[in-house]
Amino acid sequence: MTSLNFNQIKDVLLKQRQEIVSRLHDFEEGWKDLGEHDIEWQEEAQKADLTSLYDFLDEREVDKIEAIDHALSKLATSGYGICEQCQKMISDKRLEVLPTTRWCKTCAESKTA
Ligand SMILES: [Zn+2]
């Protein structure tokens, strides 16, 4: 069905996931340091600002992690590489470029059109 090496894709996805997680962790540590160094940061209003900024950045990264986890679970259940909309095989080339994609090129294009 495909010449793609699923183990290789899995490694790539796990690596990407690890990078995002460690980046989020660094970010979180950075805010903690700020909080510890300056008592003013503890004021409620500022805390709220920090929280919303953190949530905003966090959400985009969390989306990426979810996409990676979704792809990993499909790899585990051998549903990987099949378009979730039309159930056809997604091309190897597309999977190489977008390993977390859920749709074939045609379906993805029909979504953005
Ligand atoms: Zn499709």
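**Note on the zinc site and the helical fold**

1. A pleasant place to start: the four donor atoms around the zinc ion subtend angles of 104 to 116°, so the arrangement is tetrahedral (for four donors, all angles between 85 and 135 degrees). Please keep in mind that this is a predicted model, in which local features need pLDDT of at least 70, side-chain atom pairs count only at pLDDT 80 or more, and totals for chains, interfaces and linings use all residues. Residues are numbered from 1 along each chain as its sequence is written, and side-chain values use heavy atoms, with hydrogens and water left out.

2. The zinc ligands are the SG atoms of C83, C86, C104 and C107, at 2.2 to 2.3 Å (donors being N, O and S atoms within 2.8 Å of the metal, or 3.2 Å for Na, K and Ca; water is not among the atoms, so sites may look incomplete). Their sequence spacing reads C-x2-C-x17-C-x2-C. Both C104 and C107 are buried (under 20% relative accessible area, with exposed over 50% and partly exposed in between; 1.4 Å probe, protein chains only).

3. On the fold, the protein has four helices and zero strands (DSSP runs of H or I, at least four residues, and of E, at least two, numbered from the N terminus). Buried residues account for 23% of the 113 residues.

4. You may also like to look at Q16, which sits in helix 1 (residues 6-37). Q16 counts as partly exposed because its relative accessibility is 32%. Its C-alpha atom is 8.5 Å from that of I65, although Q16 and I65 are 49 residues apart along the chain.

Conventions. Four donors count as tetrahedral if all angles lie between 85 and 135 degrees; four count as square planar and six as octahedral if opposite donors are over 155 degrees apart and all others between 65 and 115; anything else is irregular.
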